[in-house]
Amino acid sequence: VQLQASGGGLVQPGGSLRLSCKASGSDIAVNTWAWYRQEPGRMRELIAEITRPGRTNYADSVKGRFTISRDDGMNAEYLQMNNLKPEDTAVYYCQADVFIGRDSYPPTFWGRGTQVTVSS
């Protein structure tokens, strides 16, 4: 299973970006999707997650500004980021718990990070 994230870039404060992450592999089904971010010298932090039934959870720092969504037909997740602030600057990582075949326990996979820079 591979996760491929895209959509990062440079944006001015107050701007928007949309991150995407697609899972590829044979006979897979994603259970929970999540987005993490990591600033230099700091630990990676969970900022948003979405379960298979569609329940979402957000870090307080992004609540009301970021929206996580998923497309199970595409094995993909998205993070719509609005009203971006300089403190949102970080490397963003997608994560997924993925059922493979008839496995009863979904292992966790990570995508490579995508850089988001918020600066004027």
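Start by selecting Arg70 and Asp72: these two form a salt bridge, with their closest N and O atoms 2.8 Å apart. The term salt bridge here means a side-chain nitrogen of Lys or Arg within 4 Å of a carboxyl oxygen of Asp or Glu. Colour the pair by accessibility and you will find Arg70 buried at 16% relative accessibility, while Asp72 is partly exposed with a relative accessible area of 34%. For those words, buried is under 20% relative accessible area, exposed is over 50%, and partly exposed is in between, using a 1.4 Å probe and protein chains only.

A note on what is on your screen: this is a predicted model, in which local features need pLDDT of at least 70 and side-chain atom pairs count only at pLDDT 80 or more, while totals for chains, interfaces and linings use all residues. Residues are numbered from 1 along each chain as its sequence is written, and side-chain values use heavy atoms, with hydrogens and water left out.

Next, select Arg37, Glu45, Arg65 and Asp88 together: salt bridges that share partners join these four into one network. Zoom in on Glu45 and Arg37, whose closest N and O atoms are 3.0 Å apart in their salt bridge. Which side of this pair is buried? Arg37 is, with a relative accessible area of 4%, whereas Glu45 is partly exposed at 30%.

Now move to Glu39 and Arg42, whose side chains meet in a salt bridge at 3.6 Å, N to O. Here Arg42 counts as exposed, at 54% relative accessibility, and Glu39 is partly exposed, at 23%. Side chains of opposite charge can pair when their charged atoms come close. If you would like to look for others, the structure holds six salt bridges.

For the last stop, switch to the cysteines. How many disulfides are there? The count comes to one, taking a disulfide as a pair of cysteine sulfur atoms within 2.5 Å. Select Cys21 and Cys94 and show their sulfur atoms, which are 2.1 Å apart. Look at the dihedral too: with 50° about the S-S bond, this link is right-handed. Turn on the cartoon and you will see Cys21 in strand E3 (residues 17-24) and Cys94 in strand E9 (residues 90-100), so the disulfide ties together parts that are 73 residues apart in sequence. Strands (E) are DSSP runs of at least two residues, numbered from the N terminus. With a surface displayed, both cysteines are buried: Cys21 at 1% relative accessibility and Cys94 at 0%.

Conventions. Helices (H or I, at least four residues) and strands (E, at least two) are DSSP runs, numbered from the N terminus.
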